[in-house]
Amino acid sequence: MEAVSTWALLLVLLLLVIPLMLSWTRTPGHLPPGPAPLPLLGNLLQLRPGALYLKLLQLSKKYGPVFTVHLGPWRRVVVLTGHKAVQEALGGHAEEFSGRGMLATLDGTFDSHGVFFSNGERWKQLRKFTTMALRDLGMGKQEGEQLIQAEVQCLVEAFQGTEGQPFDPSLLLAQATSNVACSLTFGLRFPYDDKEFQAVVRAAAGTLLSISSPWGQAYEMFSWLLWPLPGPRTQLLSHLSTLASFAVEQVQRHRGSLDTSGPARDVVDSFLLKMAKEEQDPNTEFTDKNLLMTVIYLLFAGTVTVSATVRYTLLLLLKYPEVQERVREELTKELGAGRAPCLGDRARLRTRRGSA
Ligand code: HEM
């Protein structure tokens, strides 16, 4: 009798829970079309962790450039595929698309703070501040260009130091691009053999690898299930903690040497000066937490983005030696042997590419 009532109770529970799960996963009327989700799994069958990018491209062939997928049972994500859709959304409807989506792998650390992971008024203020601070320090201007050219010189010397032997340029490339970001953010560049700096750069690369790994992609769908498990998450947190400790160390150094009458030496100084200015404002967004999260993001973005772009460029030049030869010929002809290109050469080199 007891067994019968237990089964009856389970059946009633199932009857209650299944419609609830179906309603969680149903796409409301206003969202673009997409594959039907399964309860609890969402679109797991269509989106294999580790091959998310390829699977999304396949789905776009069926559903068009704008479609909806379910990452796990509860997370609905609208996907934009291709240059035209992205440009139309971010360019033509910038305000509607200005919200930053959640990234489950990094959400616990950034907690909606800092320039990249915030939204609304906080994001508006931090974005305006960060872009202006970077511009004031020379980003996109001649001072920034000189900074990059000086770093490139160091990088070329380090490459030449390998004396024609095969080597993996990944770490050096990341250190060089990171040095440009560190100069703007902390007013410092680090020698390539500095062990602490090497660990920080490796932690930034490790963070990118973790969040884009099969585990990271599965975590975006099932964080509620995977977060208690050790392993990849512990490793990601260890990378983030290396970045955070370094950022805290740099901020503390700045607090000790800040000249409150200005001018700002770097982004951290600018932020501390702004904090001092808004000290009495109870609603200020210029807080310790937003400072730290902004600095960690700049360190991360400044290390992994440009270096990955340059690494892929080198890879493509290796793969297509005839293109490499054409590029070398063009640079030698336009600039003269051994002269580094600068922003002023861009239009000329572009015109040649366009007419080729
Ligand atoms: C190849 C290099 C880079 C690429 C492809 C890239 C790409 C992006 C993308 C796609 C966004 C999001 C834009 C949006 O949602 O509207 C972004 C935001 C941002 N990036 Fe980069 N980035 C690069 C390099 C850098 C570097 C070197 C820095 C600074 C050191 C930087 C700082 C920022 C900041 C502060 C934001 C946040 C702006 C905001 O939330 O509106 N990025 N970047």
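This report walks through a predicted model, from its cores to its ligand shell and a few single residues.

## Ground rules

Since this is a predicted model, local features need pLDDT of at least 70 and side-chain atom pairs count only at pLDDT 80 or more, while totals for chains, interfaces and linings use all residues. Numbering runs from 1 along each chain as its sequence is written, and side-chain values use heavy atoms, with hydrogens and water left out.

## The nonpolar cores

Let's start inside. The largest nonpolar core (a set of buried Ala, Val, Leu, Ile, Met, Phe, Trp, Tyr and Cys residues joined through side-chain atoms within 4.5 Å) has 56 residues, and Leu 47 and Val 69 touch the most other members. Helix 13, residues 288–319, is the top contributor to this core, with 10 residues. Helices here are DSSP runs (H or I, at least four residues; strands are E, at least two), numbered from the N terminus. Both domain 1 (24–98) and domain 2 (120–319) supply at least three residues each to this core; the bounds come from an automatic or database domain assignment.

Leu 47 is in contact (heavy atoms within 4.5 Å) with Leu 52, Lys 55, Leu 56, Leu 59, Val 69, His 70, Leu 71 and Met 221, setting aside residues up to four places away in sequence. Another core, of 5 residues, lies apart from the largest one and includes Leu 172, Leu 173, Ala 176 and Tyr 192.

## Helix 13 and the UniProt region

UniProt lists residues 291–318 as "transmembrane region", in an unreviewed entry. Its positions are given in the numbering used here, feature names are shortened, and annotations may be inferred rather than shown by experiment. In the model, that stretch is 100% helix and 0% strand, with its end C-alpha atoms 41 Å apart.

Leu 314 lies in helix 13. Why does Leu 314 count as partly exposed? Because its relative accessibility is 33%; buried means under 20% relative accessible area, exposed over 50%, and partly exposed in between (1.4 Å probe, protein chains only). Leaving out neighbours within four places in sequence, Leu 314 touches Pro 169 and Leu 173. Its C-alpha atom is 9.2 Å from that of Gln 324, 10 residues apart along the chain.

## Around the ligand

The residues near the ligand (one heavy atom within 4 Å of it) are Arg 100, Val 115, Phe 116, Trp 123, Arg 127, Tyr 297, Leu 298, Gly 302, Thr 305, Val 306 and Thr 309. Polar contacts are pairs of N or O atoms within 3.5 Å; within protein, one must be able to donate a hydrogen and the other to accept it, and residues adjacent in sequence count only if both atoms are side-chain atoms. Polar side-chain atoms reach ligand oxygen atoms at 2.7 Å for Arg 100 and 2.3 Å for Arg 127, and a polar backbone atom of Val 115 sits 3.5 Å from a ligand oxygen. Helix 5 (114–117), helix 6 (120–136) and helix 13 each give two or more residues to the shell, and helix 13 has the largest share, 6 residues.

## Ser 118 and helix 12

Ser 118 sits in the loop between helix 5 and helix 6 and counts as buried because its relative accessibility is 1%. Its side chain reaches the backbone oxygen of Gly 114 at 2.7 Å. Beyond four places in sequence, Ser 118 touches Arg 100, Ser 112, His 113, Trp 123 and Leu 126.

Over in helix 12 (residues 267–277), the buried residues include Val 267, Phe 271 and Met 275. Their cover includes helix 6, helix 8 (170–186), helix 11 (232–257) and helix 13.
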